[in-house]
Amino acid sequence: MTALTLPRVPHVVLLSGNTHRPSKSRGLAEFLGDKLAERTAIRLTQLDLIDAGTGLGSAYFRSQLNQEARGVLETIEEADALIVATPVYKGSYPGLFKHLIDLVEIDALINKPVLVGATGGGHRHALVVEHQLRPLFGFFSALVSPTTIYASDAEFTEGVPAHPQLLERIAQAVTQFAGLIEARADASAEVEGSVARSATLPLVTTLRA
């Protein structure tokens with residue numbers, strides 16, 4: 001009897017660019033992850049920038065990272081997909097967040113779905129998601145989801161996204177993102193299936209006179 005092989009559940013990492021907890025960027029990432037889990041089968045891991053510890057800022061090169069910071073970096077690289085939410089300070093994402101992404105291997109995010117979002121005090125920062133976060137992950141040849149999320153302080157209630165228009169945009173973004181994850185999972189399963197079938201084919205030898 002052949003053992004039943006269950007489909008592999010995609011691992012989605014929630015990466016928040018905050019240096020304290022609780023935070024609205026963490027709340028946004030967690031909310032997006034929960035909504036995604038309602039839409040498709042996934043495994044979630046939540047990371048904050050603060051989880052990398054002080055060793056991140058003191059490392060000029062990847063080889064100088066301590067175990068704590070290296071663990072965060074490797075979890076990002078090994079994920080099947082990313083949900084990224086970062087606070088915006090003075091028109092941009094935090095420098096320490098960029099430092100973390102600078103240390104990601106150049107080919108680690110190729111074809112991986114990424115949903116980007118940001119939080120800020122007001123809507124004057126809203127274009128950060130399109131002008132900074134989308135190009136940042138586009139550089140890595142990641143599959144950045146079409147709809148991005150920006151949420152201002154006024155759109156949260158007790159740390160949770162609550163404004164009707166924000167919730168509508170989140171629903172649209174999550175639907176698109178789930179589609180990217182499912183399509184990538186299906187493609188991977190098809191490749192693995194082809195390899196498995198090839199391994200079971202009989203070896204045919206052609207004799208020539």
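## A walk through the predicted fold

The protein has an accessible surface of about 11,600 Å², and carbon and sulfur atoms hold 55% of that area. Accessible areas come from the Shrake-Rupley method with a 1.4 Å probe, and for residues only the protein chains shown count as cover. The model is a predicted one, in which local features need pLDDT of at least 70 and side-chain atom pairs count only at pLDDT 80 or more, while totals for chains, interfaces and linings use all residues. Residues are numbered from 1 along each chain as its sequence is written, and side-chain values use heavy atoms, with hydrogens and water left out.

The protein contains five helices and eight strands. These are DSSP runs numbered from the N terminus, helices being H or I of at least four residues and strands E of at least two. Their order along the sequence is β-α-β-α-β-α-β-α-β-β-β-β-α. Of the 209 residues, 43% are buried (under 20% relative accessible area; exposed is over 50%, and partly exposed in between, with a 1.4 Å probe and protein chains only). Among contacts (heavy atoms within 4.5 Å) with a separation of 6 or more, 77% are between residues 24 or more positions apart.

Thr86 offers a view of the interior. This residue belongs to strand β3, residues 81-87, and is buried, with a relative accessible area of 0%. Its C-alpha is 5.4 Å from that of Ser25, although the two are 61 residues apart in sequence. Leaving aside residues up to four places away in sequence, Thr86 touches Gly17, Ser25, Tyr93, Pro94, Phe97, Gly117, Ala118, Thr119 and Leu133.

Leu133 leads on to helix α4, where Val128, Val129, Leu133, Leu136 and Phe137 are buried. Down the helix axis, the buried residues of α4 fall within an arc of 95°, so they line one face; the arc is that of the directions from the axis to the C-beta atoms. An α-helix has 3.6 residues a turn, so residues three or four places apart point the same way. The buried residues of α4 pack against β3, α3 (95-102), β4 (113-120), β5 (143-144) and β6 (149-152). On the face turned away from that buried side are the exposed residues His131 and Phe139. Helix α4 covers residues 128-139, 12 in number, and reaches 16 Å from first to last C-alpha, close to the 16 Å expected at 1.5 Å a residue (1.5 Å times one less than the number of residues). After α4 comes Ser141, with a positive phi near 60°.

Charged pairs complete the picture. Side chains of opposite charge can pair when their charged atoms come close. The structure has 10 salt bridges, each a side-chain nitrogen of Lys or Arg within 4 Å of a carboxyl oxygen of Asp or Glu. Within helix α4, Glu130 and Arg134 form one at 2.7 Å, N to O. These two are four residues apart, about one helical turn; Glu130 is partly exposed at 29%, and Arg134 is partly exposed at 22%. Elsewhere, salt bridges with shared partners join Arg21, Arg26, Asp48 and Asp51 into one network. Arg26 and Asp48 bring their closest N and O atoms to 2.6 Å. Arg26 lies in helix α1 (residues 24-39) and Asp48 in strand β2 (residues 43-48), so this pair ties together parts 22 residues apart in sequence. Asp48 is buried at 0% relative accessibility, whereas Arg26 is partly exposed at 24%.
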